[in-house]
Amino acid sequence: MSHAFFLGVDVAPAGEGDSPGVTHALFEKSTEGNGDEATYRLDHIRHHTDAASADDRADHLQGLVAEQPYIGRTSLIVNRNTTFGQALVDALENRGMDPVAATLTEGSGVAAGDPDELGVHLGGIDAVRTIADLHWEGKVAIESHTTETASRLAREVQALAEQLDEAEGNIEALGASTPGPSFDPEATHVTSAALAVWLGTERSFDPSQHLKESPQTDSVGGA
């Protein structure tokens, strides 16, 4: 069985004088046998309501991926849309890590980032559609976790998958999107998980592999 881990991080917009809320979701991507399609299992998800600093969060994430079984098998992706998100990307890079800097955009569409960075411009709708599609196909496992954040994630991804089925795949018709860069800027539990799973569909089981030169969103099985 092949397996790898994908860690998605999202930052909620902070009010004046408030510390931002940060959520990280860690998924294991695996296959049961040679040639089998990949599945995604939530390993854990954590929400921090009072992130003291980007350096503090970067230290925490660095320590997490240095543990077994994650060491050498984990790829990171961070929503850089907020000031704190960009600072977190910088802090991780300063620690010798290679996070994918995700710029979430309105609507759909995906494109590679600047040539001198490991980044991607990704439609929030595409990220959400990816995890909803995979959940509907039975390729994402979330329900076994009992924390409130994980339970909320399971409920909302299940609801999205059901709505996507009713809308015959047209997630833009669900009325779930907002004028912001993702379907709900406050739903960091969903966005962090969607980013992690989306990155998993874009990479093989080799964590040293960078994004495909032309990222895809129409095939979510992920080998």
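**Salt bridges, helix packing and an aromatic pair**

With a relative accessibility of 34%, aspartate 56 counts as partly exposed in this model, which is a predicted one. Its salt-bridge partner is arginine 57, and the closest N and O atoms of the two residues are 3.5 Å apart. Arginine 57, by contrast, is buried, since its relative accessible area is 9% and the limit for a buried residue is under 20%. The bridge between aspartate 56 and arginine 57 is thus formed by a partly exposed acidic residue and a buried basic one.

The protein comprises five helices and eight strands, which follow one another from the N terminus in the order β-β-β-α-β-α-β-β-β-α-β-α-α. Of its 223 residues, 51% count as buried. Among the contacts with a separation of 6 or more, 59% are accounted for by residues 24 or more positions apart.

In total, the count of salt bridges comes to ten. One of them joins the side chains of lysine 139 and glutamate 137, with an N to O distance of 3.2 Å; here lysine 139 is buried at 14% relative accessibility, whereas glutamate 137 is partly exposed at 37%. In another, arginine 155 is paired with glutamate 148, and the closest N and O atoms lie 3.3 Å apart. Glutamate 148 has a relative accessible area of 55% and is therefore classed as exposed, the threshold for that class being over 50%. Salt bridges also link Glu28, Arg41 and Asp43 in a network.

Threonine 39, a residue of strand E3, is partly exposed, with a relative accessibility of 31%. When neighbours within four places in sequence are left aside, threonine 39 is in contact with Glu28, Lys29, Ser30 and Lys139. Two of these residues take part in the salt bridges described above: Glu28 belongs to the network with Arg41 and Asp43, and lysine 139 is the partner of glutamate 137. Glutamate 137 itself is separated from threonine 39 by 98 residues in sequence, while the C-alpha atoms of the two residues are 9.8 Å apart in space.

Arginine 57 also figures in the packing of helix H1, where the buried residues are Ala54, Arg57, Ala58, Leu61, Leu64 and Val65. These residues are placed on the same side of H1, because the arc that they cover around the axis is only 125°. In an α-helix there are 3.6 residues a turn, so residues three or four places apart point the same way. The buried residues of H1 pack against four strands and one helix, namely strand E1 (3-11), strand E2 (22-30), strand E3 (39-48), strand E4 (74-79) and helix H2 (83-94). The length of H1 was also examined: for its twelve residues (54-65), a rise of 1.5 Å a residue gives an expected span of 16 Å, and the 17 Å between the end C-alpha atoms agrees with this value.

A search of the whole structure for aromatic pairs finds one. It consists of phenylalanine 5 and tyrosine 70, whose ring centres are 4.9 Å apart and whose planes meet at 85°, so that the pair is classed as edge-to-face. The two residues are 65 positions apart and belong to distant parts of the chain, phenylalanine 5 lying in strand E1 and tyrosine 70 in the loop between H1 and E4. Both partners are buried, phenylalanine 5 at 1% relative accessibility and tyrosine 70 at 9%. Strand E1, which contributes phenylalanine 5 to the pair, is also among the elements against which the buried residues of H1 pack.

Serine 192, located in helix H5 (residues 188-202), is likewise buried, with a relative accessible area of 0%. A polar atom of its side chain lies 2.7 Å from the backbone oxygen of threonine 188, and the backbone oxygen of histidine 189 is found 3.3 Å from a polar atom of the serine 192 side chain. Apart from neighbours within four places in sequence, serine 192 is in contact with Gly8, Val9, Asp10, Thr23, His24, Ala25 and Ile45.

Terms used
Residues numbered from 1 in each chain as written. Predicted model: local features only at pLDDT ≥ 70, side-chain atom pairs only at ≥ 80, totals over all residues. Heavy atoms only, no water. Salt bridge = Lys/Arg side-chain N within 4 Å of Asp/Glu carboxyl O. Buried < 20%, exposed > 50% of the residue type's maximum accessible area, 1.4 Å probe, protein only. Polar contact = N/O pair within 3.5 Å; in protein donor to acceptor, adjacent residues only side chain to side chain. Contact = heavy atoms within 4.5 Å. Expected span 1.5 Å × (residues − 1). Arc of directions from axis to C-beta. Phe/Tyr/Trp six-rings, centres within 6.5 Å; stacked < 30°, edge-to-face > 60°.
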